[in-house]
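Hi,

Here's the structure I promised to pass on. Have a look at it first, and my notes on what turned up are underneath.

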Amino acid sequence: MSNQPAMWHRPVPADDRAGNATDAQGDGEGDDEGSRGGSSPPAYQFPGYQPAGYQPPGYQPAGHQTPAFPAPADRRSTSPAPAPAPAPEQHEPRAGLDTTAVLPYAGSRASTRTRWLRAWMMTAPVDVLALLTPLLVTQQYWRGTLAMTVLTVIVFASGGLYRARRHVSFLDEVPSLCGRLLAAASAVAIVAAMRHESAEYVFSFTRGVAASAGLVILGRAFTREFAIIARKRRWVEHNTIIVGSGPTAVELARLLRRYPQYGLRFVGCVDTPDGPSALPLIGSLDDLDSLVRLRECDVVIVADASCSETSLMEILARPRTAECDLWAATPLWGSRSHGDHIGAVPVVSIGDITLSGPQSALKRASDIAFASVALLLLSPVLLICAVATLIDGGPGIFFYQERIGRFGRPFNIIKFRSMRPVDEHESQTNWSIANDRRVGPIGRIMRRTSLDELPQLWNILRGDMSVVGPRPERPYFVEKFSAEYPQYAMRHRVPVGLTGLAQVSGLRGDTPISDRARFDNFYIENWSLWLDVKVVLRTVTEVFRAGGR
């Protein structure tokens with residue numbers, strides 16, 4: 001695929017070019033900053049834009065040179081058109097929107113080496129250093145200082161103060177910073193007052209906490225100002241694809257080109273089937289995953305509200321696209337949006353629709369800790385279950401079966417044997433139900449209490465599974481359900497689980513697969529460590545209620 005996008009082009013009259021130059025330049029500041037390190041492409045008129053004095057297609061004033069562009073009939077073609085392309089069907093521009101589109105521009109050399117940088121990599125270390133500064137003066141309160149540091153970082157992270165923002169403003173963060181610093185300091189001061197009866201000790205410690213809190217605010221002001229400077233000079237910028245080709249997408253492209261302080265480099269739009277004014281630039285929505293890889297994109301902005309949500313989420317969940325930061329331009333213009341914004345366009349961050357980066361590491365660490373402790377505490381229960389299985393069904397305590405894990409990788413699951421299949425083919429293709437006659441009395445108790453699942457703790461330690469996640473299924477049914485239910489295959493974005501949101505919500509055994517897929521995908525797209533804790537607590541309740549299959 002060519003690096004130059006295919007464009008529709010209409011010759012622009014001389015008076016239009018003059019007016020456009022004035023609008024594109026503005027005060028001159030934005031374009032100068034945006035063009036450092038790369039070429040500065042000219043502005044082109046979006047189809048349907050008809051200013052005063054508009055001339056019909058084909059009008060060319062004296063001296064006007066029409067640049068050659070690929071033919072619009074083939075958006076993937078890179079050969080120049082032999083003749084000017086006919087004007088596309090005219091569309092009425094949406095009122096209140098600037099319809100001036102811009103071409104993608106070259107990235108800076110520095111930005112190619114800083115793509116891996118994220119906002120928290122600078123703000124979090126500065127916050128930690130500011131909070132630990134009192135230890136340079138005295139080590140008398142080192143326990144309280146460390147507790148204050150850990151608690152503050154956790155409170156900041158839970159409040160989203162380490163997330164990347166498009167509109168960076170220190171003043172916008174001051175209320176949240178002060179409130180969360182006060183909450184963390186109050187909690188630590190109360191504990192210190194309970195442990196030490198000396199008022200002088202508590203006062204001295206509180207004074208150090210106040211000093212470190214002030215340093216945190218100063219450090220945050222510095223990091224935010226440095227981030228703005230780095231973005232304006234294009235030391236740090238992330239390649240961005242906009243989903244949509246309507247007026248909102250064009251407005252976002254213009255804003256990203258003119259104001260580099262948002263830290264995003266516009267590389268092109270992808271067309272959507274239901275777009276209000278189909279203007280293909282670099283490909284279609286179906287090509288998004290490959291375009292993200294080819295253009296090395298880190299951010300995807302959804303700017304077409306008319307696109308089908310089901311088809312859009314299916315494409316955004318593909319491996320390459322799912323690794324990007326996802327933003328959506330809200331159609332509620334003028335609303336009191338509490339999200340972020342690019343210029344005057346409200347945008348909201350779409351939570352990670354797959355577990356990666358710090359979230360994946362946190363989930364894996366919690367899995368290892370849980371499985372290790374559970375195996376240690378439940379070892380007597382495991383021994384009793386093993387003996388009971390031996391008595392009930394004879395030799396062959398454990399049952400091994402191939403299941404499909406994350407990204408479609410097969411692995412062997414371990415369970416206590418509670419029933420005996422007729423043959424291996426039946427084991428792989430028979431959908432077991434609650435009243436199967438092959439289940440013995442002890443096996444039935446183990447299945448109702450889910451005790452037969454306990455050996456899967458070893459699968460969790462090995463990394464085959466997670467404590468909480470979608471149910472692992474056999475290859476035959478994964479292939480069958482993936483063909484019948486479009487959202488089923490999306491479950492495999494994360495590791496499969498010992499328990500899951502669908503299971504504790506009553507979707508076990510012979511229940512609708514479509515409902516299971518919806519619950520599993522909801523869990524993935526709304527994951528948090530607390531959600532895992534809630535699912536585990538509900539699982540324990542189900543075990544004591546004997547609510548298994």
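Let me start with strand β3, residues 238-243, which is mostly covered: six of its six residues are buried. Keep in mind as you read that this is a predicted model. In a regular strand, side chains alternate between the two faces of the sheet. For β3, one side carries H238, T240 and I242 and the other N239, I241 and V243, and both faces are covered, with all of these residues buried.

On to the neighbours. β3 runs parallel to strand β4 (residues 264-270), and six bridges join the two. If you want a spot to click on, T240 has F266 as its bridge partner in β4. Between these strands the chain passes through helix α8 (residues 247-258), giving a β-α-β crossover that is right-handed. β3 also pairs with strand β5 (residues 299-302), again in the parallel sense, over four bridges. There, I242 sits opposite I301 of β5.

Next, the cysteines. How many disulfides are there in the whole structure? The search finds zero. Take C324 as an example: its closest cysteine sulfur is the one in C297, at 6.4 Å, which is too far for a bond, because a disulfide needs the two sulfur atoms within 2.5 Å. As for their surroundings, C324 counts as buried because its relative accessibility is 3%, under the 20% limit. C178, on the other hand, has 35% relative accessibility and so counts as partly exposed, a value that falls between the 20% and 50% cut-offs.

Last, the cavities, which may be of interest if you're thinking about internal space. Searching the whole structure gives seven of 30 Å³ or more. The largest cavity holds about 80 Å³ of space. Which residues line it? They are R471, E473, F481, Y488, R491, A502, Q503, L507, I513, R516 and D520. By type, that lining divides into five nonpolar residues, one polar and five charged. Two helices, α18 (501-504) and α19 (513-525), each supply at least two of the lining residues. Of the elements involved, α19 gives the most, with three residues.

That's what I have for now. Shout if anything is unclear.

Cheers

Conventions:
Residues numbered from 1 in each chain as written. Predicted model: local features only at pLDDT ≥ 70, side-chain atom pairs only at ≥ 80, totals over all residues. Heavy atoms only, no water. Buried < 20%, exposed > 50% of the residue type's maximum accessible area, 1.4 Å probe, protein only. Pairing = 2+ DSSP bridges. Right-handed = clockwise from strand over helix to strand, strands pointing away. 1 Å grid on protein atoms, 1.4 Å probe; cavity = no way out; pocket = protein on both sides within 12 Å on 5 of 7 lines; lining within 4 Å. Points joined across faces, edges and corners; volume = space filled by probe spheres on them. Nonpolar A, V, L, I, M, F, W, Y, C, P; charged D, E, K, R; others polar.
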